[in-house]
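Colleague: I am new to this one, and I would like a close look at a single part. Could you walk me through the place where the chains meet?

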2 protein chains.
Amino acid sequence: MHAVKKKALGKTSNSPALRGRIWIDGSEGTFLGHGRVVLLERIREYGSITKAAKSMAMSYRHAWDLVDSMNRQTKKPFVEAVTGGKGGGGARLTEDGELAILLFWKFSRDFQVFLKREQAKLPRGLRLRKTVADSE
Amino acid sequence: MHAVKKKALGKTSNSPALRGRIWIDGSEGTFLGHGRVVLLERIREYGSITKAAKSMAMSYRHAWDLVDSMNRQTKKPFVEAVTGGKGGGGARLTEDGELAILLFWKFSRDFQVFLKREQAKLPRGLRLRKTVADSE
DNA sequence: ATTCGTTATGCTTTTCTATATATTACGCAA
DNA sequence: TTGCGTAATATATAGAAAAGCATAACGAAT
């Protein structure tokens with residue numbers, strides 16, 4: 001990471017950063033979230049839950065549970081898997097899964113815009129303590 | 001472990017719900033979040049970290065850690081505590097703490113508005129499965 | 001029939017967080 | 001001086017989530 005130095009560091013305090021997370025809920029609770037959507041993208045890319053999980057440093061068990069959770073909550077599944085056969089099988093992203101990805105990223109982009117706007121609204125009143133790391 | 005589950009009503013609607021959480025970050029990570037702000041309010045109400053924690057079913061240890069984390073990251077502390085004395089001591093919310101509460105709730109209200117607007121934008125395309133009646 | 005890589009599934013272990021418990025310090029008041 | 005209720009701090013326990021591990025089923029290719 002490259003730190004941009006604009007002026008000499010004086011006694012000015014940091015401006016706090018806004019952060020957030022968003023989800024789409026279904027009948028069992030979480031239905032779509034950042035991690036799940038990335039997982040869907042990786043499944044599309046690799047055609048395999050195993051490879052998708054590995055590419056995210058996630059256990060296969062966890063990845064499978066997430067896929068199963070999504071499939072249980074949709075009328076039409078996002079991922080269709082086959083066992084056995086050429087290459088041992090694999091998994092495929094359905095058209096609905098594709099749309100889900102688009103839907104969530106749209107939501108996510110809107111959210112980032114929201115955070116940026118809120119950031120701009122922050123009053124100068126709130127003074128945070130500086131850190132050593134901020135000096136480099 | 002009981003097999004009794006909350007009876008699910010047969011919903012005919014399948015519109016997904018949007019959910020989210022927001023935080024304000026400081027030099028050590030989380031600085032302000034929903035739980036921390038409620039804690040500040042309770043400290044103001046009870047004048048005691050112990051009573052505030054109890055009112056939230058939160059361990060004193062955890063509450064103290066949160067207060068300490070906020071105080072470490074602000075230039076001027078949000079909570080001032082005194083040990084010993086009449087009643088054994090207590091804790092008091094500072095003016096900056098008061099402003100922090102207002103600031104966060106404003107952020108939080110804006111976020112709720114955002115979620116409502118996003119909800120309205122949701123396409124009818126995404127079909128979720130209806131709440132599953134117990135088949136056991 | 002054997003091999004192969006993946007899905008699917010159960011069980012165990014690790015990890016992280018918060019709770020629970022215990023102890024000391026504190027200072028006013030009786 | 002003693003008692004009281006709180007702050008402050010250390011250590012231990014519990015619960016949940018994820019990872020790790022083991023194993024069976026599967027079906028095309030060889």
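**Where chain A meets chain B**

Modeller: Happy to! In this predicted model, 33 residues of chain A are in contact with 31 residues of chain B. Contact here means that the C-beta atoms, placed from the backbone, lie within 7 Å. On chain A, the elements that give two or more residues to the side touching chain B are β1 (17–26) and α4 (95–121). Of these, β1(A) gives the most, with 10 residues. If you sort the residues on that side of chain A by character, you find 15 nonpolar, 9 polar and 9 charged.

Now let's stay with β1(A) for a moment. This strand pairs with β1(B), residues 17–26 of chain B, in the antiparallel sense, over 9 bridges. To see one of them in the structure, look for Leu18(A): its bridge partner in β1(B) is Ile24(B).

Next, step back and see how the two chains are related. A turn of 180 degrees, with a shift of 0.0 Å along the axis, lays chain A on chain B with an RMSD of 0.1 Å. That is the relation of a two-fold axis. The same surface serves both copies, as 91% of the contact residues of chain A recur in chain B. If you would like to find the rotation axis by eye, start from Arg21(A): of the residues of chain A, Arg21(A) comes closest to this axis, with its C-alpha at 2.6 Å.

Notes: Residues are numbered from 1 along each chain as its sequence is written. Chains are lettered from A and ligands numbered from 1 in the order in which they are written. This is a predicted model: local features need pLDDT of at least 70, side-chain atom pairs count only at pLDDT 80 or more; totals for chains, interfaces and linings use all residues. Copies are superposed by least squares on the C-alpha atoms of residues with pLDDT of at least 70 in both. Two residues are in contact if their C-beta atoms, placed from the backbone, lie within 7 Å. Helices (H or I, at least four residues) and strands (E, at least two) are DSSP runs, numbered from the N terminus. Ala, Val, Leu, Ile, Met, Phe, Trp, Tyr, Cys and Pro count as nonpolar, Asp, Glu, Lys and Arg as charged, and the others, Gly among them, as polar. Two strands pair if DSSP finds at least two bridges between them.
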